[in-house]
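Hi everyone, thanks for coming. I'd like to walk you through a protein model today, one piece at a time. Have a look at it while I talk.

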Amino acid sequence: MQQPAPTTERAYPLTSAQQRLFFLHQLDTDAAMYVFPVHLELRGPLDVLALERALADVVRRHEILRSVIEVRDQRPVQVVRDDGTELRHLDLRGYREADRARRQGEAVERETNAPFDFSSALMRSLLVHRGDEDYLLLLSFHHIVFDGWSCGVLLGELDEGYRRHRGEPTAPAQPLALQYGEYAAREARDAATPGVRTQEAFWQQKLTPVPENLVLPTDRPRPAALSGRARRTWTYLDADLTAALGLRSRELRATVYMLLLASYEVLLARLGGRSDFCVGGATSGRHDLATHPMIGSLVNELVYRSDYEPGITFAELVSRVRRTALDVYRHDRVPFERVVEVLTPARSLSHHPLFQHAVSLQPQGPGFAPEGVEVGTFDSGAEGSALDIATSFHEEGDRLACVVDFSADLWDQQWGETFAADLTSILRALAEDPARPVDSVELRCPARHTALDDRAATSAEPVARAVSAERERAVEILLGIWRKTLGTDSVTPCQNFFDIGGDSLLGLRVVAAAQQAGYPMRPRHMFQAQTVTELADLLIAETPATSVAGPAAEPDGANGPGAREVPLLPIQSWFLTGPAPEAGHYNYSNLFDVAAEVDEAHLHTAIEATLHHHDAFRLRFDRAATGGWTQSYAATPPTDILRVFDLSAMTPERAASAFDRAVKTCQSSVSLVDGPLVTCALFAMPGRHRKLLVAAHHLIMEPASMSIFVDDLTTACEQLARGQKIELLPQRSTYRDWGRTLGHLAASPEVRSETGYWEAVMEAASSHISVDHPDGRNDVASQRTLADALDGMTTGVLRSRVTAASGATLTEIVLAGAAAGLRPVTDGGPLLIDFETHGREDIVDSIDLSRTVGWFAALFPLALPAATQEASRDLDEAAGVLRGVPRGGLGHGLLTYVSGRLPQRRNQVGVTYLGTVGTADRTGTFFRFAGFPEHDRAPHMTRPHELEVGAMISGDELHYSITYSTNRFSEGRIKDLLAAMRAYFERLTTDVRLLESTR
């Protein structure tokens with residue numbers, strides 16, 4: 001008796017999205033609203049056999065195309081069959097033209113709208129032979145197995161297979177790392193993880209209470225249940241408008257999709273007469289690289305709560321939409337079906353849950369392009385939809401195609417065409433002038449009522465006034481400040497500060513200059529309003545209620561018992577509790593090229609004035625008999641600290657050697673115990689060139705403070721050159737003011753409540769890294785730094801396109817790069833590091849540190865996440881870790897060194913991002929940054945970390961380095977770590993188009 005052939009049938013659970021589609025199918029098995037058509041017109045010498053074989057290859061490769069849905073044990077499962085559907089043929093060549101057209105129409109209607117039998121097949125394929133070398137390929141899929149991304153995969157593989165079966169050389173297809181059923185099983189396992197539960201909480205907070213449905217004017221009353229029938233209208237954004245939207249998106253630090261979403265919100269709000277509503281969107285759901293070549297339904301519906309407000313500008317709306325969208329993207333791993341379960345909105349057959357209108361931007365993938373065959377998309381009409389309006393954009397050459405599918409139950413064709421025209425008008429207005437009010441575009445579609453437009457007209461009046469003289473003056477002044485600070489005249493009012501070279505430290509310079517110009521600016525404003533136009537509006541709005549900047553700080557330490565005592569900041573305590581802090585110098589120092597017009601006598605006077613201006617230069621440190629350290633003010637700052645070395649008559653080689661010896665002497669003269677804590681040296685070099693060394697003990701100096709010092713030095717030299725009295729920008733708060741403020745903050749319930757958070761962080765990962773020579777001494781004498789840099793183009797992509805698409809800052813990108821670089825010396829799990837930020841947090845209204853010198857850094861532990869093998873996901877993970885830090889990390893230092901609620905702990909790796917250094921602003925006219933000098937630390941001192949990863953922007957390049965001890969690590973190991981960092985940064989820039997297409 002013959003045995004039956006063995007079966008390879010496999011069953012998998014349904015994904016959350018599939019479960020919802022299965023449920024809707026059970027409600028109405030005849031519904032055709034979830035059919036995904038891929039219909040192509042093919043004209044030319046098509047090799048039909050090669051096409052058949054190529055399609056069969058695709059079906060064999062992707063199990064989901066051979067799957068059916070069955071109910072087993074009262075649960076639906078997807079079952080993979082051995083055989084899939086074959087390409088059917090319909091030959092119409094022998095029919096008369098009228099009959100041929102009728103039969104073609106019937107075939108298209110049947111293939112497009114016939115319901116699927118889930119237990120039989122979930123795709124169907126038909127090739128219609130319309131004439132000699134004239135074909136219509138009708139591929140139809142149920143959404144339960146197919147999505148927009150899958151279309152690109154399908155057509156790309158169809159093209160490869162067609163060429164392969166015609167004997168053309170093609171690269172062999174790599175086997176799929178993951179089949180859709182395996183992905184579904186993994187999703188079911190991951191659903192209960194803590195990360196997903198945390199993301200659910202975001203959605204509950206964001207969408208509670210659930211906004212009411214947005215009701216637009218309709219041509220007919222809404223039925224009790226929508227039929228799913230839809231009409232479709234097509235329009236195109238011309239090449240100029242498409243290019244302009246791309247340009248504006250970069251200026252506004254947004255993606256093109258964010259501009260589309262903002263415009264969509266404007267149109268819906270004005271037609272519906274309400275500002276609080278939800279709009280639907282989608283993400284590919286393909287966070288794992290293994291899902292990219294996979295066919296299947298992975299798309300996840302997203303919900304955006306509208307940011308529209310009558311009277312605001314397009315630029316402001318895009319800024320709000322961007323913030324909302326980035327929040328949504330960071331929480332997009334929760335399936336839409338689960339969001340609905342969490343929120344439990346009112347359910348109705350006449351409404352999609354949570355939103356009735358959606359907009360999407362489809363990614364552009366490879367196409368099917370047989371040689372000699374003209375290929376075009378065959379529009380078979382609107383897909384059935386459960387939404388009132390579904391608008392989709394996709395690229396076609398240098399244009400954006402806009403496809404609007406709208407409910408045939410509610411509107412006639414003319415309404416849809418008018419809707420598309422109004423949307424195009426709004427997009428054109430945004431592209432032409434982002435400073436224009438959002439309600440200024442005339443619409444053709446009828447609005448539900450005029451109350452909202454009336455409010456908009458009323459609100460537009462103060463906006464118009466703001467755009468007049470006062471606003472124009474503010475924009476002009478702020479634009480000049482930005483251009484000086486960033487060292488470029490190409491800044492425009494709508495560009496984002498952080499996309500064009502700005503960072504938090506440069507932001508402090510903007511704050512000081514804006515205060516000098518009479519605006520009540522605070523450091524936090526740089527993050528609240530990131531373009532000149534937004535900042536002008538914000539500062540104008542706050543000017544009446546806020547004094548410009550308050551009076552300058554009174555000189556500290558002059559009178560009264562104990563008046564000279566200054567609380568130690570946490571970062572100072574961190575250093576002073578380390579190994580032998582008094583054993584030698586531990587400096588922060590910079591070198592500057594000095595302009596020829598700087599007079600030496602003026603420089604001497606300017607240095608003295610700057611030292612007297614800042615209280616930090618009067619700080620002194622003493623060690624008590626008990627071993628503890630204190631700091632206090634001396635009566636006066638040090639004087640006569642400028643040394644002059646004339647090396648101009650030497651040969652370049654001798655001058656270089658003498659320069660190095662002199663720098664070493666100057667650096668080592670800085671003494672924690674005996675003073676001074678700061679020194680300067682002017683070097684006359686061969687070739688009529690001069691250099692200035694500024695070196696100060698790190699306890700009173702860091703990058704932002706160095707910028708303030710040299711900025712004041714420049715101001716003083718300029719004033720002296722003009723014969724004027726020295727008048728420096730006021731220091732609003734002293735170093736002691738900040739120390740006392742932190743002391744009060746350390747005792748607050750808010751900071752004490754962070755104890756559990758920091759304890760969890762310190763227990764979340766190991767700080768251990770592997771070293772090459774465990775017995776070597778980790779001292780400064782053996783210290784070496786290896787560095788690398790990304791070119792300007794690569795850096796530009798990171799600073800603009802990657803930040804826009806991911807929402808990550810450059811600091812977060814550097815952190816993710818450090819995580820990638822350090823993985824070779826870890827056990828593969830999370831790594832606990834010390835992360836250093838500038839620490840000048842704008843958290844107390846009475847304190848303004850924008851012009852204060854001192855060491856303010858916040859140093860706190862971070863658990864760098866383990867690798868996921870996906871650059872964008874690694875970035876999301878690293879950014880999420882940093883964004884979860886409360887109060888910029890200040891609490892950790894306060895709880896450790898002020899209140900003593902946390903143990904003192906030093907991790908083996910330190911990571912620092914310095915931001916932009918050496919920017920050619922006004923400081924560069926007299927003193928141009930020329931690098932970091934040698935000998936800044938005493939050689940016999942013990943290094944605080946095994947590895948120190950640093951990064952900064954210099955010019956237009958991202959420079960990154962690793963400092964290590966040659967007694968502990970080999971040069972080859974450190975080069976490998978730098979190579980891993982470079983590979984990660986380059987992978988991010990390569991993946992940016994994918995990142996943009998999924999967001």
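**A sheet and its helices**

Okay, let's start with an open sheet of 5 strands, which run in the order β5-β6-β7-β2-β12, with mixed pairing. Keep in mind that what you see is a predicted model.

Which strands stand at the edges of this sheet? They are β5, residues 88-91, and β12, residues 374-377. Each of these two has a single partner strand, so one of its sides has no neighbour in the sheet. Going from strand to neighbouring strand, the turn is 20 degrees on average, if you ignore direction.

Let's zoom in on one pair. Strand β6 covers residues 123-131 and strand β7 covers residues 134-142, and they pair in the antiparallel sense over 8 bridges. If you want to find one of those on your screen, look for L127, whose bridge partner in β7 is L137.

Now for the helices that pack on this sheet. Helix α3, residues 97-113, touches β2, β5, β6 and β7. The direction of α3 makes about 165 degrees with that of β6. Helix α4, residues 148-165, packs on the sheet too, touching β2 and β7. For α4, the angle is given against β2, and it is about 35 degrees.

**Some unusual backbone spots**

Next, a bit of background. Most peptide bonds are trans, and most residues other than glycine have a negative phi. So exceptions are fun to hunt for.

Where do we find cis peptide bonds? One joins T208 and P209, with omega at about -5 degrees. P209 sits in the loop between α6 and β8. Another cis bond runs from G675 to P676, with omega near -5 degrees. P676 belongs to the loop between α19 and β20.

Then there's phi. T344 is not a glycine, yet its phi is positive, about 45 degrees. You'll find T344 in the loop between α10 and β11. Is T344 buried or exposed? With a relative accessible area of 61%, T344 is over the 50% cut-off, so it counts as exposed.

R887 also has a positive phi, near 55 degrees, and R887 isn't a glycine either. This residue lies in the loop between α26 and α27. R887 has 31% relative accessibility, so it goes down as partly exposed.

**A buried glycine**

Let's move to G507, in helix α14, which spans residues 504-516. Why does G507 count as buried? Because its relative accessibility is 4%, and buried means under 20%. Leaving out residues up to four places away in sequence, G507 touches F497 and M526. G507 and F497 are 10 residues apart in the sequence, and their C-alpha atoms are 8.5 Å apart in space.

**A cavity to finish**

Last stop: the holes. How many cavities of 30 Å³ or more does a search of the whole structure find? There are 11. I'll show you the second largest, with a volume of about 180 Å³.

Its lining has 20 residues, and P570, I571, A858, L859 and G893 lie nearest the centre. Four elements, α17, α21, β24 and α27, give two or more residues each to that lining. Helix α27 gives the most, with 5 residues. As for the chemistry, the lining of this second largest cavity divides into 15 nonpolar residues, 3 polar and 2 charged.

That's my tour, thanks for listening!

How values were computed
Residues are numbered from 1 along each chain as its sequence is written. This is a predicted model: local features need pLDDT of at least 70, side-chain atom pairs count only at pLDDT 80 or more; totals for chains, interfaces and linings use all residues. Side-chain values use heavy atoms; hydrogens and water are left out. On a 1 Å grid over the protein atoms alone, a cavity is a set of points where a 1.4 Å probe fits but cannot get out, and a pocket is an open set with protein on both sides within 12 Å along at least five of seven lines; lining residues have an atom within 4 Å of a point. Grid points are joined across faces, edges and corners, and a volume is the space filled by probe spheres set on the points. Ala, Val, Leu, Ile, Met, Phe, Trp, Tyr, Cys and Pro count as nonpolar, Asp, Glu, Lys and Arg as charged, and the others, Gly among them, as polar. Buried means under 20% relative accessible area, exposed over 50%, partly exposed in between (1.4 Å probe, protein chains only). Contact means heavy atoms within 4.5 Å. Two strands pair if DSSP finds at least two bridges between them. Axes are lines fitted to C-alpha atoms, for helices over the stretch in contact, and angles run from 0 to 180 degrees between N-to-C directions.
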